[in-house]
Structure formats: structure tokens, C-alpha cells
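The following note sets out, point by point, what may be read from the coordinates of the chain shown below. It is offered for use alongside the structure.

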Amino acid sequence: MGEIWIPEAERLGDGVIAGAGAMDAPNAPPRVVWHTTEGSSGTSAAFHGTADYLMEENYEPHILYDPITDQLGQFGPLNQSAKALANAGSVRTNRTGRVCIQIEVMAKAGTPFTGYWRPGKNFRALLRAIRSWGVPDEWPAGRLAQSYSDDSPRPLTIWQTRGGHYGHSNIPGNDHWDPGAIDTAALLAAGTDPTKETFMLPEEKKWMEGWFGALNAMAWGNKNDIAALAGTITALTKLLAAADNDLDEAAIATAVEQAVAKALRENTVDVDVTVHDKTATTPKAS
Ligand SMILES: [Zn+2]
């Protein structure tokens, strides 16, 4: 069972969409339909004016969303039908699927809202609720209408058999072209907050923190080792520069071994030193 009421959404109306009810085809996959209201947006007055209008006209979706203010409202339960679609003959499109979540975005089809919107935590809550019903991040009907005269695909068989996201311009038996040429990938991507571990369970978070802790300690340990080695190499370079050509190679090897071992004693790192000649010493930590 998914989310029926979105906690972050304001309730609009009395919580009952008149004339709506149970789904006709609850065994068909879950889906979402995106609409645009074609009116004004950006203020609380516009938000409630639009909500009242939709209720008066009996065209309620489940969700009203303002893409400028991130205001989110809900008219009815997500597990029942809404009323923003026309039927396709005998197929009651509002009632197709496990859920058919309909969203009216306060925007105009002619000016795709993903070009200027500011989705925030309420939009992420909306996508979280959509995904809680198992709606896949797909657009099974294909492209959205790009203009009023664009004859976008409205395949009845796909509508009846495939879950995912649809535009009103993809629904059989309907002739509207909303939500316009929105960026479908950006729409779904905005449902995930990159700064928060939205989908991590508490035990996963604990595990990740432990893992990062260990990695961090290892990185700092290595950093200390490298600082110690750099100091040793600087000292050896000076020694070699000062030495004459008769300096014994074995003596240098011993000096390197001793110096490196001394530098790394606290770090319990095994040191294997090979000296090739008087001018190139390559201590290796293994
Ligand atoms: Zn529509």
C-alpha cells in the first residue's frame, strides 16, 4: 500500500471528490497523469482560486501544484479516482490502474513549466508518494505534445497495460495538449534531493557512516605515512647530493632502510626498500 494522503499537502475541499470512487482496473499497473491549469500562479490567492474553480467545475485532479511557490494541495485519496480526464469510449480513463494519480500544475502548456519552475521539498514529497505506489519512472506512451496542433501518441492498449507517467496529451479519448513540452527527465529528477539520503534506510545509513569512518581513518593514515616519507626522501636527497661518487651503495641502502623504518615505526607499515643507484632511491611501502 502506498501513501493515500501526502502529509506535506494541504487538504483542498472536504477530502471527497464528488462522483469519484474505486478504480475500475486496479490490477493494471499504477500511473500518473500530468496536466496544466492554463491560469495564473505564484500566489496563495491564485492557488486557492484555482482549487475552488476545479471543484466548481467538477474537474478535480488529486493534486494541485504551484511550480513557482512549491505549494502542494490534495483534493482526494490517491487510491481512488479523480475527475480531470474524459473517458475513451467505454474505458473510464480516470479509473484505470492500481492508481491513476492526476496532477494539475499551475502553468500553461505553451510555456513549459520545467523551464522556469522552482521545485522544492513539496515536489519531492509528491514524487515520493507517486513512487510509493510503484509507479515506474517511465513515459510509456512516448513523447508529449509540443504544441496545440501536435498530434501526440494516445495509444489505448499502452494506456490499459503500462504503468508510468503520461501527459494529458497521451490519453486516449482526450483532446487536450497539456502539459506541453515539459522536460520529462528533469521532472522526475527533481523528485530526488541530491543533498539528502532520501532513500536510505536507518540501518543502511549506519552502515554507510561506519564505512566512511573507516575510509576516512585509512585516508588520514596514508596521509601521515606520505608526509613521513616525503620528509625522509628530502633528507636522503640532500645526503646524496652532498656525497662523492665513491659513496658505498650498500651504506645508502642501509641508511634508507633505517630512516624510513624510523619514520613509519608508529604506523606499523611494512617497508621494503630497494636502492638502484646513488641518485635514485625508491622506498616502497607495501
Ligand atoms: Zn489536462
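1. E8 is partly exposed in this predicted model, since its relative accessibility of 32% falls between the limits of 20% and 50%. The side chain of E8 meets that of R128 in a salt bridge, with 2.8 Å from N to O. E8 belongs to the segment before strand 1 (10-11) and R128 to helix 2, so the pair ties together parts that lie 120 residues apart in sequence. R128 is likewise partly exposed, at a relative accessible area of 30%.

2. The contact of E8 with R128 should be read together with E3, as a network of salt bridges links E3, E8 and R128. In total, the structure holds six salt bridges. As a general matter, side chains of opposite charge can pair when their charged atoms come close.

3. A further salt bridge is formed by the side chains of D24 and R92, again with 2.8 Å from N to O. D24 is placed in the loop between strand 1 and strand 2, and R92 in the loop between strand 4 (72-74) and strand 5; the pair therefore ties together parts 68 residues apart in sequence. D24 has a relative accessible area of 43% and is partly exposed. R92 is also partly exposed, with a value of 37%.

4. R131 and D137 form another of the salt bridges, and their closest N and O atoms are 3.0 Å apart. The relative accessible area of D137 is 42%, which makes this residue partly exposed.

5. Turning to the metal site, which residues are the protein donors of the zinc ion? They are H35 and H168, each through ND1, and D178 through OD, at 2.0 to 2.2 Å from the ion. The spacing of these donor residues in sequence is H-x132-H-x9-D. H35 lies in strand 2 (residues 31-36), whereas D178 lies in the loop between strand 6 (164-167) and helix 4 (184-189), so the two tie together parts 143 residues apart in sequence.

6. Are the donors H35 and D178 buried or exposed? H35 counts as buried, because its relative accessibility of 1% is under the 20% limit. D178 also counts as buried, at 7% relative accessibility.

7. Strand 2, which carries H35, merits separate comment. Six of its six residues are buried, so strand 2 is largely enclosed by the rest of the structure. Both of its faces are covered: R31, V33 and H35 are buried on one side, and V32, W34 and T36 are buried on the other.

8. The pairing of strand 2 involves two partners discussed here. With strand 5 (residues 100-105) it pairs in the parallel sense over six bridges, and W34 stands opposite I103 of that strand. With strand 6, strand 2 also runs parallel, and four bridges join the two; in strand 6 the bridge partner of W34 is G167.

9. W34 and I103 reappear in the largest nonpolar core, which has 29 residues. Together with I6, F123, L126 and I130, they touch the most other members of this core. Strand 2, strand 3 (63-65), strand 5, helix 2 (121-132) and helix 4 each supply at least two of its residues. Helix 2 gives the most, namely six residues. Helix 2 thus has a part in two of the points above, because R128, the salt-bridge partner of E8, also lies in it.

10. At the surface, W207, W211, L215 and M218 make a nonpolar patch of about 480 Å². Within this group, W211 is found in helix 5 (residues 202-242). W211 is partly exposed, with a relative accessible area of 43%.

11. For the overall fold, the secondary structure of the chain comes to six helices and eight strands. Taken from the N terminus, the order of these elements is β-β-α-β-β-β-α-α-β-α-α-α-β-β. The chain has 286 residues, of which 40% count as buried.

Definitions and conventions: Residues are numbered from 1 along each chain as its sequence is written. This is a predicted model: local features need pLDDT of at least 70, side-chain atom pairs count only at pLDDT 80 or more; totals for chains, interfaces and linings use all residues. Side-chain values use heavy atoms; hydrogens and water are left out. Donors are N, O and S atoms within 2.8 Å of the metal (3.2 Å for Na, K and Ca); water is not among the atoms, so sites may look incomplete. Buried means under 20% relative accessible area, exposed over 50%, partly exposed in between (1.4 Å probe, protein chains only). Patches are made of residues with over 30% relative accessible area and no salt bridge: like charges are joined within 9 Å, nonpolar side chains (Val, Leu, Ile, Met, Phe, Trp, Tyr) within 5 Å. Accessible areas come from the Shrake-Rupley method with a 1.4 Å probe; for residues, only the protein chains shown count as cover. A salt bridge is a side-chain nitrogen of Lys or Arg within 4 Å of a carboxyl oxygen of Asp or Glu. Two strands pair if DSSP finds at least two bridges between them. A nonpolar core is a set of buried Ala, Val, Leu, Ile, Met, Phe, Trp, Tyr and Cys residues joined through side-chain atoms within 4.5 Å.
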